[in-house]
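Visitor: I would like to learn how to read charged pairs, helices and domains in a model. Please go through them with me.

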Amino acid sequence: MIRIAFFDTKDYDRASFERLANKDNIEYKFLDTKLTEDTAELANGCDVVCVFVNDTVNKAVIDKLYGYGIKMIALRCAGYNNVDVQAAYGKIHVVHVPAYSPYAVAEHAAALLLTSIRRIHKAYNRTRDFNFSLNGLTGFDLHGKTVGVVGTGKIGRIFIDICRGFGMNVIAYDRYPAKDSGIDYVTLDELFERSDIISLHCPLTDETRHMIDGSAIEKMKKGVVILNTSRGALIDAEALLAGIKARKVGAACLDVYEEEADIFFEDRSGHILNDELLSRLISMPNVIVTSHQAFLTEEALNNIAETTLSNIGSYFENDGLCDNELCYRCGNIEQCKKERKEKCF
Ligand code: NAI
C-alpha cells in the first residue's frame with residue numbers, strides 16, 4: 001500500500017485523484033492545510049507527499065519529511081520554484097507534472113485579455129443591474145496590435161497561435177530561443193518598447209524575478225496591457241501599481257501574485273484583506289485578478305491526476321526511473337532531465 005499525504009486539498013483535486021486511484025494499492029490522506037514546517041508532521045507514516053504551487057518545500061521541510069521516511073515529493077503542478085530541489089537530492093525524489101494542459105493556461109490568458117480590453121467585467125456587472133449604458137466601455141481592436149510574448153515554451157507558443165488568429169503581430173523574447181520556429185525574437189528591451197500587450201510565460205528563476213520592474217515599465221508604451229499567468233514574482237507589484245497610477249500601464253490582468261501563498265485558493269469574503277498592495281490593485285478599474293485559476297479545466301485536472309499517479313507508480317512499481325523527476329545531480333535540472341538514462345540516486 002502506498003500512502004500519500006495530499007496537502008492543500010480542494011474538492012476538485014479530491015474528485016480527480018479518487019476517480020483514478022487504484023484503491024487496492026493507494027491510500028490518500030487528504031489534508032486541507034498547506035505544507036509548512038509546522039504541518040510537515042502530518043505526513044508522518046506516509047510514503048509520498050503530494051503538493052501544489054503554494055506549499056512550502058524548503059530545506060527545513062525536506063529534512064523533516066526525510067526524517068519521517070518520505071520517499072517522494074510529487075508536485076501536482078509544473079512550476080517547482082517552491083521546492084529546494086538541491087536540498088532534496090540524495091534524500092527524497094521530487095517529481096512534477098511538466099505539462100497538463102498548456103491550452104488551459106494560454107486560453108485563460110486570452111480570456112483575461114479580451115475581458116479587459118472589451119470591458120466585459122464592467123458590462124457584466126452593469127447589465128445585471130439593468131444599466132444598459134455604454135459610456136466608459138470603449139475598447140480597442142486586437143487586430144494589428146503588437147503582442148510581446150516572454151517565454152516561448154509550451155504555453156507561450158499556444159498563446160502566440162491564439163494571438164495570430166486575431167491578426168496580431170507577435171514578437172517574443174526567450175532566454176533560449178527556439179530554432180526554426182518562425183517566431184520573431186527580439187531583445188527584452190525591444191519587446192518592452194514595441195508591445196501594445198505583454199504576456200509572461202517564462203518560469204520564475206533568480207534571473208526572471210521582478211523582470212517587470214519600474215525601469216522595465218518606463219520603457220513600455222503608454223497604455224500597455226500586461227498579462228501574467230505565469231508566476232507572481234515575475235512582476236514587482238509595487239512598480240506595477242505605480243505604473244497604473246501614473247496612467248502608463250493601461251491595464252493589468254493577473255492570475256498570479258507574488259504574495260498569493262496565504263491568500264489565493266481560499267474564500268476570504270467577509271474578512272479584511274491585510275495585503276494593502278493587492279487590495280489597491282483589485283480596486284483599480286483596469287486591473288483584473290483571478291486567483292491562480294488558469295490551469296483549472298477538466299482536462300488539466302485529469303491529466304494532473306493521471307501523470308502524478310504514474311510518476312508515483314514509476315518509483316514504487318517500476319524500476320524507479322521517472323522521466324518527470326527533478327534531480328539536482330548535475331546542477332542543471334532541465335538538462336539532467338533530457339539526458340537521464342538511469343535512476344537519479
Ligand atoms: P516551458 O518550460 O514549456 O516554457 C518556458 C519557456 O521559458 C521556455 O521556452 C524557456 O526557454 C523560457 N525561459 C526560461 N528562462 C527564461 C528567461 N530568463 N527569460 C525568458 N524566457 C525564459 O513552460 P510552460 O509549460 O510553457 O509554462 C510556463 C510557465 O507557466 C511555468 O513556468 C509556470 O510558472 C506557469 N504556469 C502557470 C499556471 C497557472 O495556472 N497560472 C499553470 C501552469 C504553468
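Guide: Start with one residue: K91 counts as partly exposed, because its relative accessibility is 29%. Buried means under 20% relative accessible area, exposed over 50%, and partly exposed in between (1.4 Å probe, protein chains only).

Visitor: What kind of model is this, and how are residues numbered?

Guide: This is a predicted model, in which local features need pLDDT of at least 70 and side-chain atom pairs count only at pLDDT 80 or more, while totals for chains, interfaces and linings use all residues. Residues are numbered from 1 along each chain as its sequence is written, and side-chain values use heavy atoms, with hydrogens and water left out.

Visitor: With which residue does K91 form a salt bridge?

Guide: Side chains of opposite charge can pair when their charged atoms come close. The rule for a salt bridge is a side-chain nitrogen of Lys or Arg within 4 Å of a carboxyl oxygen of Asp or Glu. K91 pairs with D63, the closest N and O atoms being 2.8 Å apart. D63 is in helix 2 and K91 in the loop between helix 3 (85–88) and strand 5 (93–95), 28 residues apart. Helices (H or I, at least four residues) and strands (E, at least two) are DSSP runs, numbered from the N terminus.

Visitor: Which other side chain does D63 meet in a salt bridge?

Guide: An α-helix has 3.6 residues a turn, so residues three or four places apart point the same way. D63 also meets K59, at 2.7 Å from N to O. These two are 4 residues apart in helix 2, which means about one helical turn separates them.

Visitor: How many salt bridges are there by this rule?

Guide: The count comes to 11. One of them joins K71 and D47, with 3.5 Å between the closest N and O atoms. K71 and D47 lie in two loops, so the pair ties together parts that are 24 residues apart in sequence. K71 is partly exposed at 32% relative accessibility, whereas D47 is buried at 7%. R3, D47 and K71 are linked in a network of salt bridges.

Visitor: How much area is buried between domain 1 and domain 2?

Guide: The size of an interface is often given as the accessible area lost when the parts come together. The domain assignment (automatic or from a database) gives domain 1 (2–100 + 298–317) and domain 2 (102–289). About 920 Å² is buried between domain 1 and domain 2, counted as the accessible area (1.4 Å probe) that two parts lose on being put together, summed over both. K34, N54 and N81 supply 45% of the area that domain 1 buries against domain 2.
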